[in-house]
Amino acid sequence: MLRKVQNDLLTQTGPETPMGRMFRRYWVPALLSDELPENDCPPVRVKLLSERLIAFRDTNGRYGLMDEFCAHRGVSLWFGRNEDCGLRCSYHGWKYDVTGQCLDVPSEPEASGFANKIRLQSYPLVERGGVLWTYMGPPDAQPPAPEWEFITVPRPQTFASKRLQECNWLQAMEGGIDSSHVSWLHRGDLDSDPLFKGARGNQYNLSDARPVFEVVESPGGLYIGARRNAENGDYYWRITQWVMPSFTMIAPRGSHSVHGHFWIPVDDESCWAWSYDYHPVRDLTEAEIAAMRDGKGIHVRYVPGTFRPLANKDNDYLIDRAAQKMGRSFSGVEGIAMQDASLQESMGPVVDRTRENLVSTDNGIIMARHRLLRALAAFTDKGVTPPGVDPAHQKVRSAAIVLPRDVPFSDGAREALVARPAVAPASV
Amino acid sequence: MTSESARMNSAAEARFRVQAPNSLPRTIVVIALDAAGRAVVERLQRGGWRQATFLAATSGDALEDLAGRPRQIRNEVEHADLVVLVAGPGGRAHAAAPIGEACSRRRVMTTAFVVEATSAAAPDVSRTLGQLRPWSLMVVIAEHDDYIDDMMTALRA
């Protein structure tokens, strides 16, 4: 349970809100690189943190992300012409470069210098690992570029997708650290999904449906460990990473790729669910990439031409009641991502946390809220940089590992929880 | 035609959610297992909790309230919805076993907190974990003990 004032604090991320200001201290994924595939390609509308923006790639390959609307009369620059190192408004020809600086106001005398006085709000946009990242905070507080391992490995080793989720970012993110739902909602997928099946660790999962959880604070967020009994009195641990504010990495399975999410607010009632898969020491196979593109694992299939999932609220998520009744799917919704999203969207755009009844196994969620609120207070009251901004906090890995019974998993798996180039992940 | 999910997931429909109370208060028993835990539990007791009882284990693995009056483990666990065990590093959480056994018999959920762990040596944390893990269905190692306040609020103590 959260008080309403706390719920509002964490769920509202517009420019003038405390959480919005804190969110703007991080580099966040804005677009897939493929959305701006070539120089002078069509611009793309981007809505992030309740701000409507336009992204484009100019003649020289520079990326720009700026206010969507022309400073003249408020026309959307999505209709603009991307030409000669700038985006030109189709209405009266005003032209802007990737920094938002107006270069040309055709109706004014060129010598007047009027164009110099016009500048749209813009944010840096950089390409890392197939993703375009932006930083929307004050320039003097801009941190180094992001260092998440999935964007620093060679491109053939990584795959990222995004989907629109039609609810607040926090309830979506909380689903990512709610380890206890996996044994229920996704129980049918371990054996069947090509990106999960066959791992030895799956047998531990399937033979012990009641894991015991441990939650430990990490420098950037939390380690959430789920332990099950293994051989010889040891424990099998699945350790999920959460790094503030909204990055998660799920424990790997066997030799499969490692995966996780970012949840980035579009506005207070929708978010981008970013999903990545990568392998630290090998290329992803054609079959793996084909499966990811086909919506397997944590990815989805789309309504053509959009990033909206094919199964969405307008078609009742294509729920299959017969499959649910027969036990082929616990919820009747196909695919891990939409099993989660369908339920999280059903909570409403912003869930009322004053009415929830959490239990002990929800400590990961309770702790994440606690850390967010604590960081928010320190940031707002004292200007303390929040955890997760430091690139050192981003060099993390999840782990699946067997450890002796009494060992704190944060110690026993210490090396496994850090990203190390060319070192295989700890996985069972 | 708009699907049922599309209509029902909307903010407009959220206004019609039933507002009647949906739960009864839970009874939570918080037990300090050692000196580090006792300091935390004594601070916690001063909060305005509705349904929480605060106790401490004695050196003989019995229970007492924070005023030193003896309490019976079986009686305290009998009607609890959740028992929270609080201990520091160093392996002085011996009372976890008899309390855990009582909880196990009554099918009472247990959560264990290891406080002061971030500044402790790993072997000391291990010793405490070795005592807590067999009896705890959730273990939390938090940097600041005020997390327990937040957890109890979240659990409607």
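**Figure 1. Strands from the two chains pair across the interface.** In this predicted model, β13(A) and strand β7 (residues 138–141) of chain B run parallel and are joined by four bridges. Look for Phe213(A), which stands opposite Met138(B) in β7(B). Zooming out a little, 31 residues of chain A are in contact with 31 residues of chain B. On the chain A side, β13 (212–217), α9 (336–346) and α10 each supply at least two residues. The biggest share of that side comes from β13(A), with six residues. If you like to sort by chemistry, the side of chain A that touches chain B has 12 nonpolar, 11 charged and eight polar residues. For the model as a whole, the scores are ipTM 0.93 and pTM 0.95.

**Figure 2. The view moves into the largest nonpolar core.** This core holds 163 residues, and the members that touch the most others are Ile31(B), Val83(B), Leu85(B) and Val86(B). Which helix gives the most to this core? That is helix α10 (residues 363–382) of chain A, with seven residues. Leu85(B) is a good place to pause: leaving out residues up to four places away in sequence, Leu85(B) touches Ile31(B), Leu33(B), Ala96(B), Ile99(B), Thr110(B), Ala112(B), Leu132(B) and Ser136(B). Chain B, home to these residues, averages a pLDDT of 93, and 99% of the residues score at least 70.

**Figure 3. Helix α7 of chain B has cover from both chains.** Helix α7(B) spans residues 146–154, and its buried residues are Tyr147(B), Ile148(B), Asp150(B), Met151(B), Met152(B) and Ala154(B). From chain A, the cover over these buried residues includes α10. From chain B, the cover includes β1 (28–32), α3 (35–45), β2 (52–57) and β6 (109–114). Just past the helix, follow the backbone to Arg156(B), whose phi is positive, near 65°.

**Figure 4. Four strands of chain A make an open sheet.** The strands are in the order β5-β6-β7-β8 of chain A, with antiparallel pairing. The edge positions belong to β5 (81–82) and β8 (102–104), each with a single partner strand, so one side of each has no neighbour in the sheet. At one of these edges, strand β7 (residues 95–96) of chain A pairs with β8(A) in the antiparallel sense over two bridges. To find your bearings, pick out Lys95(A), which stands opposite Asp104(A) in β8(A).

**Figure 5. Met347(A) sits in the loop between α9 and α10 of chain A.** Is Met347(A) buried or partly exposed? With 18 other C-beta atoms within 10 Å, Met347(A) is partly exposed, because a buried residue needs 20 or more. Apart from residues up to four places away in sequence, Met347(A) touches Cys167(A) and Gln171(A). Asn168(A) is also worth picking out: Met347(A) and Asn168(A) are 179 residues apart in sequence, yet their C-alpha atoms are 9.8 Å apart in space.

**Figure 6. Three loops of chain A show backbone details worth a closer look.** Most residues other than glycine have a negative phi, and most peptide bonds are trans. Leu49(A) is not a glycine, but its phi is positive, about 50°. You will find Leu49(A) in the loop between β2 (44–48) and β3 (51–57) of chain A. Leu49(A) is buried, as 23 other C-beta atoms lie within 10 Å. Another non-glycine residue with a positive phi is Asp316(A), near 55°. Its loop lies between α7 (286–293) and α8 (321–326) of chain A. Asp316(A) counts as partly exposed, with 16 C-beta neighbours inside 10 Å. The third stop is the peptide bond from Met244(A) to Pro245(A), which is cis with omega near -5°. Pro245(A) lies in the loop between β15 (235–243) and β16 (247–250) of chain A.

**Figure 7. Chain A as a whole puts the close-ups in context.** Chain A contains 12 helices and 19 strands. Its C-alpha trace spans about 85 × 45 × 45 Å along the principal axes. The radius of gyration of chain A is 23 Å, which agrees with the value near 22 Å for a compact globule of 428 residues. Of those 428 residues, 51% count as buried. Among contacts in chain A between residues at least 6 apart in sequence, 60% join residues at least 24 apart.

Key. Residues are numbered from 1 along each chain as its sequence is written. Chains are lettered from A and ligands numbered from 1 in the order in which they are written. This is a predicted model: local features need pLDDT of at least 70, side-chain atom pairs count only at pLDDT 80 or more; totals for chains, interfaces and linings use all residues. A nonpolar core is a set of buried Ala, Val, Leu, Ile, Met, Phe, Trp, Tyr and Cys residues joined through C-beta atoms within 7 Å. A residue is buried if 20 or more other C-beta atoms lie within 10 Å of its own, exposed if 12 or fewer, and partly exposed in between; C-beta atoms are placed from the backbone. Two residues are in contact if their C-beta atoms, placed from the backbone, lie within 7 Å. Ala, Val, Leu, Ile, Met, Phe, Trp, Tyr, Cys and Pro count as nonpolar, Asp, Glu, Lys and Arg as charged, and the others, Gly among them, as polar. Two strands pair if DSSP finds at least two bridges between them. The radius of gyration is taken over C-alpha atoms; the globule rule is 2.2 Å times the number of residues to the power 0.38. pLDDT is the predictor's confidence in each residue, from 0 to 100.
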